[in-house]
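Colleague: I've got this chain open on my screen and I'd like to talk it through with you. Can we go question by question?

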Amino acid sequence: MIRRQWGCDPRDLPTAYMVEDRMKSIRMYQEEYGQDGIDAITWSDLEMDEVFYRINNTRSFVGEQVLYRQLHEPGTGERQQLFSKLVSAFAKDEKRRLVFERKFCGIGKRQSSYFLPLMLKMLDDRGWAELVFYRLLQLLFICAILGTFLFRLPQASFFLILMVSCNLTIYIIKKEKQEYTFYSLYDVCVIVKFCRYLEKNWPLDDVSCAEEIRKDLKN
């Protein structure tokens, strides 16, 4: 199947309609980590979504999200040269290309996988301020309970209801985000496994990224 689809227009595939349905998820990586690039107005004027649909022969959610970001931020210098060398190497070596495509197929395009950039962003944003905020909520909740049941203060009852509502709201919001985090753990394991393979089977002889891959895996 992979060999038959090589060079084909992905818009002609039976699954083409699914790409449009998951565009919001594909954009997450660019929205969370994107820097300077093509602005939204220019993107729309150039109909870059249609360009994305035409060249999206990716086999994984990682490929779709990276391709979408690369169209926004093509890059220059070493990054662009490395990309060109990889394209040339895989174009000349079909056997190796098929092996890597099967590896990417193993990563897949599960809907929950597209939330991985969001999960990583959440982990980056967590700090002492959030910890202090939750500790303060706990303290206020305890004070409300003591004021209501121990000191029998009428104002404390209203404050307790307010704190319960506040905590329930935060719980519902955080629960949804934590579910995405839990589902994304599987994808982290799959990507780490692929990186281990890539470290040992890097396709370019004149350019090595092994040290960079090791550094990323440690982090």
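Colleague: Let's start with a charged pair: which residue forms a salt bridge with arginine 69?

Modeller: Keep in mind that this is a predicted model. Both arginine 69 and its partner are buried. The closest N and O atoms of the two are 3.6 Å apart, and the cut-off is 4 Å. The partner is glutamate 73.

Colleague: How many salt bridges are there in the whole structure?

Modeller: Side chains of opposite charge can pair when their charged atoms come close. One of the pairs here joins aspartate 9 and arginine 11, with N and O atoms 2.8 Å apart at the closest. Searching the whole structure gives a count of 11.

Colleague: Take that aspartate 9 and arginine 11 pair: which of the two counts as buried?

Modeller: Buried means under 20% relative accessible area. Arginine 11 has 41%, so arginine 11 counts as partly exposed. The other partner has 17%, so the buried one is aspartate 9.

Colleague: And glutamate 64 with arginine 22, how many residues apart in sequence are the parts that this pair ties together?

Modeller: The two form a salt bridge whose closest N and O atoms are 2.9 Å apart, and both glutamate 64 and arginine 22 are buried. Glutamate 64 sits in helix α7, whereas arginine 22 is in the loop between α2 and α3, so the parts being tied together are separated in sequence by 42 residues.

Colleague: Which residues are joined into one network by salt bridges that share partners?

Modeller: A salt bridge here needs a Lys or Arg nitrogen within 4 Å of an Asp or Glu carboxyl oxygen. Where such bridges have partners in common, they link up into one network, and its members are Arg59, Glu94, Arg97 and Glu101.

Colleague: Zooming out, what is the secondary structure of the chain made of?

Modeller: Reading from the N terminus, the elements go α-α-α-α-α-α-α-α-α-α-α-α-α. There are zero strands, and the helices number 13.

Colleague: What share of the contacts with a separation of 6 or more comes from residues 24 or more positions apart?

Modeller: The chain has 219 residues, and 30% of them count as buried. As for the contacts with a separation of 6 or more, the share from residues 24 or more positions apart is 75%.

Colleague: Which helix gives the most to the largest nonpolar core?

Modeller: That core has 23 residues, and those with the most contacts inside it are Val19, Met23, Ile26, Phe52 and Tyr68. Several helices supply at least two residues each, including α3, α6, α8 and α12. The top contributor gives four residues, and that is α7.

Colleague: How many residues are in the second, separate core?

Modeller: This one includes Leu137, Ala144, Leu160 and Met163. Its full count is five.

Colleague: Is histidine 72 buried or exposed?

Modeller: Histidine 72 lies in helix α7. Leaving out residues up to four places away in sequence, histidine 72 touches Gln30, Gly37, Ile38 and Trp43. Its relative accessible area is 8%, and the limit is under 20%, so histidine 72 is buried.

Colleague: On to the rings: is the pair of phenylalanine 104 and phenylalanine 194 stacked, edge-to-face or tilted?

Modeller: The chain has 10 aromatic pairs by this rule. In this one, the ring centres are 4.7 Å apart and the planes stand at 45°. Under 30 degrees would be stacked and over 60 edge-to-face, so the pair is tilted.

Colleague: Where in the chain does that pair sit, and how many residues apart are the two?

Modeller: Phenylalanine 104 is partly exposed at 28% relative accessible area, while phenylalanine 194 is buried at 12%. Ring pairs also link both of them into a cluster with Phe90, Phe100 and Tyr197. Phenylalanine 104 is in helix α9 and phenylalanine 194 in helix α12, and their separation is 90 residues.

Colleague: Last one: which helix gives the largest share of the nonpolar patch on the surface?

Modeller: The patch consists of Phe141, Ile145, Phe149, Val164 and Leu168, with about 420 Å² of accessible area together. Two helices, α11 and α12, each supply at least two of its residues, and leucine 168 is in α12. The largest share is three residues, and those come from α11.

Conventions. Residues numbered from 1 in each chain as written. Predicted model: local features only at pLDDT ≥ 70, side-chain atom pairs only at ≥ 80, totals over all residues. Heavy atoms only, no water. Patch = residues over 30% accessible without salt bridge, like charges linked within 9 Å, V, L, I, M, F, W, Y side chains within 5 Å. Areas by Shrake-Rupley, 256 points an atom, 1.4 Å probe, with all protein chains shown as cover. Salt bridge = Lys/Arg side-chain N within 4 Å of Asp/Glu carboxyl O. Buried < 20%, exposed > 50% of the residue type's maximum accessible area, 1.4 Å probe, protein only. Contact = heavy atoms within 4.5 Å. Core = buried A, V, L, I, M, F, W, Y, C linked by side-chain atoms within 4.5 Å. Phe/Tyr/Trp six-rings, centres within 6.5 Å; stacked < 30°, edge-to-face > 60°.
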